[in-house]
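Dear colleague,

I am handing over the structure below, and my notes on it follow underneath. Please read them with the coordinates open beside you.

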Amino acid sequence: MVDRHAAAVYRVALSIVHDSSLADDVVQETMIRAWRRSPVGPGEEIPRSWLLKVAHNAAISLLRTRREDLRGPDTFPESPAEIETDRRVEGIAQLDELWEAMRHLDEDARVLIALKEVDGLSYEEIAETLDLPLPTIKTRLFRARRQLKDALKEWR
Amino acid sequence: MTRHPSRRALQQWLDTGGPGRVDRHIEGCDRCQEELDRMSALDETTLSGLVAVTEPPSDLEERVTDGVDTRLRDEAAVGAFADLFAIGWDFLRCVIDPDPNREAARSTTDDTAHAPPKSADENRGGPR
């Protein structure tokens, strides 16, 4: 379960908590909750949307408990702490701009973009994950993309 | 609204979220949703950038597996300690603060074993 889903869970967590070490904590918490309360029998595949819903709830819950300690939007990390991609010099600036744009989106928009554009979930899976009607998911995602494009223009 | 909004109206909705009649139409119209999906799609550069900025650390799986193991082990240890503590506490309570009923029962047994039989009048008198 960890090797199949950890990366997707991490991205959802990061889009909510903005901090790689907190995202790590969320991944751990999600795996423990999934292990304890799995909706399927032993040996069966846990549905990805169920696991991501657990991750979403765990991240929000963690954020609530740490809200007072968390830094404000002005002091969010300048970039994810441990981006381990092969960055060429010219790519760094672009990624920084993208990260800046992402961190200025609202939480819903970031989660939707992470689920759809990065993890590649279907609209139906996202609706199940976030417990929202399908049309709402679609319209929010379209607007989230638009917000991201605007933010990128602003940061370029 | 029975007619589909123009592309310009859809663009305006993307930009501003309004007007309300377009918003309501879009909520229930698959065709306009598909059109908006195309209009708002992110380019390849942005998509690959998104993957990069949300990339988990390469040792994530290892760290998570270790963290989960440690946490489950710690919780099991705390549970075992709590069980031991509960047993110890019960034992101490028996030693320090024995059950008064049991003590009374024992003294009654002792009395009846060693004392001479009471008369009927004494028995009627109850506890002193």
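**What was found**

Read from the N terminus on, the elements of chain B run α-α-α-α-α-α-α, which amounts to seven helices and zero strands for that chain. Please bear in mind throughout that this is a predicted model. Of the 128 residues in chain B, 13% are buried.

One residue of chain B that I looked at individually is B:Arg7, which has its place in helix α1 (residues 7–16) of chain B. Because only 12 or fewer other C-beta atoms within 10 Å are allowed for an exposed residue, and B:Arg7 has 12 of them within 10 Å, B:Arg7 is classed as exposed. Although B:Arg7 and B:Glu35 are 28 residues apart in sequence, their C-alpha atoms are 8.4 Å apart in space.

Turning to the nonpolar interior, the largest nonpolar core holds 52 residues, and those with the most contacts inside it are A:Val9, A:Val12, A:Ala13, A:Val26, A:Val27, A:Ala55 and A:Ala59. Helix α1 (residues 2–17) of chain A gives the largest share of this core, namely nine residues. As for A:Val26, if residues up to four places away in sequence are not counted, A:Val26 touches A:Ala13, A:Val17, A:Ala55, A:Ala58, A:Ala59 and A:Leu62.

A:Val26 also appears in a helix pair that you may wish to inspect. The axes of helix α2 (residues 20–37) of chain A and helix α3 (residues 48–66) of chain A come within 9 Å of each other and cross at roughly 130 degrees, and α2(A) and α3(A) are therefore oblique to each other. The crossing in which α2(A) passes α3(A) is right-handed. On the side of α2(A) the contact is made by A:Leu22, A:Asp25, A:Val26, A:Glu29, A:Thr30, A:Arg33 and A:Ala34, while α3(A) contributes A:Leu51, A:Val54, A:Ala55, A:Ala58, A:Ala59 and A:Leu62. Sorted by class, this contact of α2(A) with α3(A) has nine nonpolar, one polar and three charged residues.

Finally, there is the contact between the chains, which takes 35 residues from chain A and 31 residues from chain B. On the side of chain A that touches chain B, at least two residues each are supplied by α1, α2, α4 (89–103), α5 (107–118) and α7 (134–155) of chain A, and the largest share, eight residues, comes from α7(A). The residues on that side of chain A divide into 20 nonpolar, five polar and ten charged.

With best regards

How values were computed: Residues numbered from 1 in each chain as written. Chains lettered and ligands numbered in written order. Predicted model: local features only at pLDDT ≥ 70, side-chain atom pairs only at ≥ 80, totals over all residues. Core = buried A, V, L, I, M, F, W, Y, C linked by C-beta atoms within 7 Å. Buried ≥ 20, exposed ≤ 12 C-beta atoms within 10 Å, placed from the backbone. Helix = DSSP H or I, 4+ residues; strand = E, 2+ residues; numbered from the N terminus. Contact = placed C-beta atoms within 7 Å. Axes fitted to C-alpha atoms, helices over the stretch in contact; angles between N-to-C directions. Parallel < 35°, antiparallel > 145°, perpendicular 65-115°, else oblique. Left-handed = near helix turned anticlockwise from the far one by under 90°. Nonpolar A, V, L, I, M, F, W, Y, C, P; charged D, E, K, R; others polar.
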